[in-house]
Amino acid sequence: MRTAQGSVAGFVAIQPCQTTTWTLERTRSFSARSRLQLEQRSANRPIQCRRCLFLQASTGAVPPPSYTRAGVDLDTETASVQALVKALGAAGRQQPALGAPADKLGGFSGLIDFGPNTLLALCTDGVGSKIVLAAQLNRYEGIPYDCVAMNVNDLLCIGAEPLAFVDYIAAPRPEPTLWATLGCSLGTACRLARVTLAGGETASLPDMVNHVDMSGTALGWLPRGAQLNGTKIEPGDLLIGIPSSGLHSNGYSLVRQVVERAGVDLNAKPPFALPVETNRFTVRDEEHQPSWSTATLGELLLYPTAIYVNPLVDLVRCCREDPLQAPCPYEAIRGMAHITGGGLSNLLRWRSDLGFDIEDPLPVHPEFHWLQSAAGWISDAEMYRVFNMGMGMVLVIEASAAARVCSWLKERVPGVQIVGRVNERARVRHLPTGVEFDHYG
């Protein structure tokens with residue numbers, strides 16, 4: 001992973017008593033070297049001086065926030081996962097038994113055989129350290145949406161329709177009022193995801209945890225041969241971006257580091273303007289989607305993760321079962337990627353031998369701009385590796401069908417657009433910023 005513009009040695013220090021808002025703007029020269037221009041004006045990327053925490057990296061006083069400094073090293077995490085998978089050995093069930101593996105490990109979901117015509121898909125995930133922020137604010141209503149979303153959205157990426165979900169809740173002690181809050185949201189989230197809540201488990205672990213933790217596992221199905229595993233993606237295919245609802249459930253160790261350094265009040269209004277017309281994910285006429293306030297910074301940072309079952313299951317089923325009404329044949333849907341941990345590098349989970357250029361990205365939500373500059377400048381490369389930056393799901397569609405699929409989705413979800421294309425460069429490139437990734441994670 002690197003930026004096409006090269007590295008920047010340091011930044012200019014802002015005087016501790018200064019209250020002016022600044023903008024950091026990257027420009028490009030014909031020599032392909034980047035330079036930074038500091039302009040004294042109000043803009044989308046404010047750099048605010050707060051208690052001298054913002055002395056720039058060139059002074060050596062305070063290094064800028066980063067995911068690694070917050071305690072999460074993505075490179076080490078990727079290597080650890082690879083080591084775990086390598087050590088697993090042979091599967092517990094082998095062909096032709098039901099439940100035998102049907103595809104290689106490493107995709108968004110695992111696949112197993114379930115008869116001559118059917119595959120089952122499974123995935124498991126949790127909410128992560130977003131729960132720490134929820135505990136700090138005593139606002140748990142959105143956490144079950146996050147838990148369900150992080151699982152069913154991964155099922156969609158393999159082409160599966162989610163069927164069922166089970167949850168696991170760990171806490172230092174049982175709390176009936178909190179349990180009821182979680183149960184109410186969990187039930188609604190499962191209805192939004194169109195899954196059966198088939199069971200769950202709670203555990204009181206006073207010696208292990210100091211606040212609630214929640215994870216889950218989802219089950220889906222798809223016809224044999226219909227899996228979206230990246231093999232059909234070709235250069236020239238187009239990328240369609242679907243907006244995120246906010247931060248979703250990734251990067252919260254870095255978010256909390258920024259909040260702490262910036263010294264902001266999470267119960268106060270966001271320290272930046274919110275547009276009247278937002279590009280956050282919403283589905284027209286969907287009765288179960290959450291109604292969430294953005295009146296305070298804390299509420300905005302806890303905005304529930306988008307659940308993409310509606311419209312993506314409808315798109316997949318229409319293309320498989322009703323070709324006369326569908327915007328394209330199912331074969332024209334080449335892939336889907338959930339933009340979670342790893343950011344845009346998730347696109348390389350399809351095919352590391354192909355390239356994916358983001359040419360016309362979706363608008364970046366204002367909280368991402370604020371996080372990037374509130375307590376020290378975080379590089380574009382770090383932001384696009386940690387966060388979704390306004391785009392929560394990407395579809396790969398055959399070029400001849402992409403416009404029709406995009407129109408079909410826009411009738412249901414505002415803000416969908418074609419954002420780029422597939423090529424042979426074996427890397428992800430975000431062209432407006434020059435950020436590149438040559439591996440996942």
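What covers the buried residues of helix 4? The close-up views below, taken from a predicted model, begin with this helix.

**View 1. Helix 4 and the elements that cover its buried residues.** Helix 4 runs over residues 176-193, and its 18 residues reach 25 Å from the first C-alpha to the last, which is close to the 26 Å expected at 1.5 Å a residue. Its buried residues include Leu178, Leu182, Ser185, Leu186 and Gly187, together with Thr188, Ala189, Cys190, Leu192 and Ala193. The cover over these buried residues includes helix 3 (143-157) and helix 7 (309-321), as well as strand 6 (161-171), strand 7 (196-204) and strand 8 (213-223). After helix 4 comes Arg194, a residue whose phi is positive, near 60°.

**View 2. Arg429 and its surroundings in strand 14.** Arg429 belongs to strand 14, which spans residues 428-430. With a relative accessible area of 18%, Arg429 counts as buried because this value is under 20%. Its side chain makes a polar contact with the side chain of Asp357, at 2.7 Å. Leaving aside residues up to four places away in sequence, Arg429 touches Phe356, Asp357 and Ile358, and also Val435 and Glu436.

**View 3. The largest cavity and its lining.** The model holds 4 cavities of 30 Å³ or more, and the largest cavity contains about 60 Å³ of space. This largest cavity is lined by Leu344, Ile358, Pro361, Leu362, Tyr384, Asn388, Met389, Met391 and His430. Sorted by class, the lining comprises 7 nonpolar and 2 polar residues, with no charged residues. Ile358, one of the lining residues, is also touched by Arg429 of the previous view.

Terms used
Residues are numbered from 1 along each chain as its sequence is written. This is a predicted model: local features need pLDDT of at least 70, side-chain atom pairs count only at pLDDT 80 or more; totals for chains, interfaces and linings use all residues. Side-chain values use heavy atoms; hydrogens and water are left out. Helices (H or I, at least four residues) and strands (E, at least two) are DSSP runs, numbered from the N terminus. Buried means under 20% relative accessible area, exposed over 50%, partly exposed in between (1.4 Å probe, protein chains only). A polar contact is a pair of N or O atoms within 3.5 Å; within protein, one must be able to donate a hydrogen and the other to accept it, and residues adjacent in sequence count only if both atoms are side-chain atoms. Contact means heavy atoms within 4.5 Å. On a 1 Å grid over the protein atoms alone, a cavity is a set of points where a 1.4 Å probe fits but cannot get out, and a pocket is an open set with protein on both sides within 12 Å along at least five of seven lines; lining residues have an atom within 4 Å of a point. Grid points are joined across faces, edges and corners, and a volume is the space filled by probe spheres set on the points. Ala, Val, Leu, Ile, Met, Phe, Trp, Tyr, Cys and Pro count as nonpolar, Asp, Glu, Lys and Arg as charged, and the others, Gly among them, as polar. The expected span of a helix is 1.5 Å times one less than its number of residues.
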